[in-house]
Each structure stands twice: as structure tokens, then as C-alpha cells.
Amino acid sequence: MEVLLTEQERMFQQQMRDFVEAEIAPYADEWDRRNELAYEAFQKMASIGLAGLTIPEEYGGQGGSMMDAFIASVEFARASISVASIFGTHTGLALSGMYHYGNEEQRRRFVVPAAKGEKLCAYGLTEHEASSDISRMSTTARREGDEWIINGAKCFISNGDTADTILLFATVDKQLGSKGITAFVVEKGMPGFSVGKVEDKLGIRAESAAELMFDDVHIPVANQIGEVGKGMRIALTILDEGRLDVSGQGVGVASAALDAAIAYSKQRQQFGQPISEFQGIQWMMVDMATAVDAAWLLGYRAAKLADSGVRFTKEVAQAKLFAANTAMDVTRKALQIHGGYGYMKDLPLERYYRDAKILEIYEGTSEVQKLVISRALLS
Ligand SMILES: Cc1cc2nc3c(=O)[nH]c(=O)nc-3n(C[C@H](O)[C@H](O)[C@H](O)COP(=O)(O)OP(=O)(O)OC[C@H]3O[C@@H](n4cnc5c(N)ncnc54)[C@H](O)[C@@H]3O)c2cc1C
């Protein structure tokens, strides 16, 4: 697969692999057991400029491409989907949204410190009663003079309990449905803003998912991102970028599981021979490897389209859908090849298996990806 990458992209991939092997992989199980956002992972990525990977250098970033973001997600997720999610939420969703839709003053105020890794960001869209259908959101923004007053709650927000800066979506008028949704920046410490329940989850336990509460939070009009009523479009456009990261996460965790299964099958003996000699095991690994390559190719195509500046909504939905399926299937088969040892916490297989499930849920469930793809096919 690497042959399809440019020399520069291959160099970046190698740098990422070295960094993840040295700085992330050795701690991934410990962070998972700790069951809280691995802030040191964010600090480590910030220390080498990854916090602002796709943000132009003049705004504190690295000026990387969407292909770089895809490569980074794959490499992070080989070690930990949690860490890939901290990166994807911060850079691919929140920071990217503030950069693309913020004005010059907002870029200086919000994007530069976050791209340098001095501030952690979150993306607040989902609510208890409005998620797959976000047009029914009920967090409100009421204009009073030169301020907006925010009331409501968001749930399941990644990085949410720790984030300094939240790209938040609220409606200026519920009757307007999707046309009332508007984007804002809320900052930690603003009176009336608090963190509610921090979820105890099946997987990605080194990433947080928090409830955020807004009780008469006064924010300056200067924190409004884009035009009033254009928030739905902003949210969905940013999600295309986020879904590319998620497709990379699927490829990464599935590759790690496949590598582990191949190595184990060659070493584990049963019936007087390595289990890799059994055709039942070989065919499982053939299906796994073929799916991993296909998932990589779909992500690669979506990243290429994104970097060419053409719309890639359908292609990235296909990439995310397929990568999520692949991650579920490959981690299950890899655990099976490890037998009972795969079920134990001494090996990372059970973590891969638990972590993979989130890929079918966040940034639009697999059913929602099918809605997006079928709409494009039938339009
Ligand atoms: C760990 C975690 C982290 C998250 N991080 C963030 C974050 O950082 N920011 C954020 O804003 N959100 C975040 N989310 C929210 C996530 O995006 C939502 O959970 C997701 O969009 C699904 O919403 P829901 O859970 O309410 O399910 P629902 O929308 O209630 O869906 C329930 C089921 O119905 C299906 N369904 C819904 N509509 C249709 C349809 N039209 N056709 C067929 N089936 C349908 C769904 O696919 C699903 O299977 C996170 C969620 C989790 C679990």
C-alpha cells in the first residue's frame, strides 16, 4: 500500500510510526486501565506539532494535508483508538472547524493556541434527544446586545471534561429546525458552563465522553463562528473531515490486530504444528488482510479527494462505514485466533475488540453513513 504514497507521505508515516512506538504504544494499556482522558498523550503529540497537523503554519500548525491526517490516525490507532480520538476530535473536528469558518480575529484567538497544543478542544453537537437527527437540538442561543446567552446540555462529548475550548452548536430558534443552528466557541471557566456526567464506557477508556451543561452562559458575539443559521452546514462539513480520521482509526486497529494474529498463529502450536498451518486459520487471515487493504484504499481515496478540494461526503462515508465493519470483524477474528489468551487483559486483543465498537457509533452511526451514501446514489 505504501507504494501509493508520495515520498514525503512515506517519510511522515515512518515518523509517525516511530513516534507512536516510542511514546504511545508502551502506555496504551496503562492509560486504558486508568479510565480517564490521557492528557499526557495530547501533550506528547503537541510536543512534535501534531496538535495542529492540518492547520497552516501561520496559524501555529504544520500545514499538513488530509492524507497526513489519515496517516496519523492510522498510526495512532495501531496503538490506541483513544489517542487517535483525542487527536481527531481536537484537530479534525474542533480546530479545523474554527479555522475554516472563523474570521481572522477568531483564528488568532482560538486556533493559534490550540494548534500549538497549549489548549485542548472539543466538538459539542450531540444532545440526549438529538443525535442522529441534530436538527432537533434544544440547546439555545439567545441574543442580548453584544452577547449570546447559551442554555442547554450536550452529551458524550469527547475531550469534553478537560477541553479549554469547545466548538458548540446551538439553535437561535427551535422552530427553524436545521436553519436555526449556529456555531459558537465556549471557553472553560465561563460562568454557567460546567461538566456533568463523565461516562464509564465499554472501550476507548483513555478518551473521555462528557456531558457539558450551559446555564445562562454569556458569550461575546465575537465568539459566534460563521453566520447565524449556518451551523448545520458547518457541523456536517467538518464531520466529513472527522470521518476520514475515523476511517483511519478502523484501519489502524484492524492492522494491529491482524499483525498480532499472524505472529501468534506462527508461534502457537496445537495438534503438533503451528496453528498457522491450518487452512481454517489461513483463510480467516486472508479475509482479514483483504478487508484491511480495502479499508485503507477507501480512506486513501477519500483523503485524495479531500486534498483535491472536491466534495468527498459520499466517499468518506463509504470509507468510514467499511473501516468500522472491518475493525469489528478483524478484531473479533484476531481475538479468536489467540483463543483464551486473546480474552485476557495481558494481551491488547481484548482492548482492540472493545475499542473497535465505537467506530460504528461516533461521528454518525453506520446506519447514518448508509443514509448519506444512499442519498448521494439516488440524487
Ligand atoms: C464514546 C463516544 C464519543 C462521542 N463523541 C462525541 C463528540 O465528541 N461530539 C459529539 O457531538 N458527539 C459525540 N458522540 C455522539 C455520537 O456521535 C452519537 O452517539 C451518534 O451520533 C449516535 O447518536 P445516539 O447515540 O443518540 O443514537 P441514536 O441517534 O438515538 O440512534 C440509535 C440507533 O438508531 C439508528 N438510527 C437513527 N436514525 C436512523 C435512521 N434514519 N435509519 C436507520 N437507523 C437509524 C442509529 O444508527 C442507532 O443504531 C460520541 C458518542 C460516543 C459513544
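**Strands, helices and domains**

Q: How many bridges join strand β3 to strand β7?
A: Strand β3 covers residues 147-158, and strand β7 covers residues 209-220. Strands are DSSP runs of E with at least two residues, helices are runs of H or I with at least four, and both are numbered from the N terminus. Two strands pair if DSSP finds at least two bridges between them. β3 and β7 run antiparallel, and the number of bridges joining them is 9.

Q: What kind of model is this?
A: Residues are numbered from 1 along each chain as its sequence is written. Local features need pLDDT of at least 70, side-chain atom pairs count only at pLDDT 80 or more, totals for chains, interfaces and linings use all residues, and the model is predicted.

Q: Which residue in β7 is the bridge partner of Val 195?
A: Strand β6 (residues 193-198) pairs with β7 in the antiparallel sense, over 4 bridges. β7 also has bridges to β3, where Ala 153 has Met 213 as its partner. For Val 195, the partner in β7 is Leu 212.

Q: Which residue takes a positive phi in the hairpin of β2 and β3?
A: Strand β2 (residues 140-144) runs antiparallel to β3, joined by 5 bridges. Thr 140 stands opposite Asn 151 of β3. The hairpin has 2 residues between its strands, and a positive phi near 60° is found at Gly 145.

Q: Why are α7 and α8 called roughly antiparallel or roughly parallel?
A: Helix α7 (residues 231-267) packs on helix α8 (residues 279-308) at about 155°, with axes 9 Å apart. Axes are lines fitted to C-alpha atoms, for helices over the stretch in contact, and angles run from 0 to 180 degrees between N-to-C directions. Angles under 35 degrees are roughly parallel, over 145 roughly antiparallel, 65 to 115 roughly perpendicular, and the rest oblique. So α7 and α8 are roughly antiparallel.

Q: How many charged residues are in the contact of α7 with α8?
A: The contact includes Leu 244 and Val 251 of α7, and Met 285 and Trp 296 of α8. Residues are in contact if their C-beta atoms, placed from the backbone, lie within 7 Å. Ala, Val, Leu, Ile, Met, Phe, Trp, Tyr, Cys and Pro count as nonpolar, Asp, Glu, Lys and Arg as charged, and the others, Gly among them, as polar. The contact of α7 with α8 has 17 nonpolar and 6 polar residues, and the number of charged ones is zero: no charged.

Q: Is the crossing of α1 and α4 left-handed or right-handed?
A: The axes of α1 (residues 7-23) and α4 (residues 66-79) come within 9 Å and cross at roughly 25°. The two helices are therefore roughly parallel. A crossing is left-handed if the near helix is turned anticlockwise from the far one by less than a right angle, and right-handed if clockwise. The crossing of α1 and α4 is right-handed.

Q: How many charged residues are in the contact of α9 with α12?
A: The axes of α9 (residues 313-337) and α12 (residues 366-378) come within 9 Å and cross at roughly 145°. Their crossing is left-handed. Lys 314 and Leu 321 of α9 are among the residues that meet α12, whose side includes Lys 370 and Ile 373. By class, this contact has 6 nonpolar and 4 polar residues, and the charged ones number 3.

Q: What distance separates the centres of domain 2 and domain 3?
A: An automatic or database assignment gives the domain bounds. The chain divides into domain 1 (2-115), domain 2 (121-228) and domain 3 (232-378). In domain 2, 13 residues are in contact with 9 residues of domain 3. Taken over C-alpha atoms, the distance between the centres of domain 2 and domain 3 is 30 Å.

Conventions:
Two residues are in contact if their C-beta atoms, placed from the backbone, lie within 7 Å.
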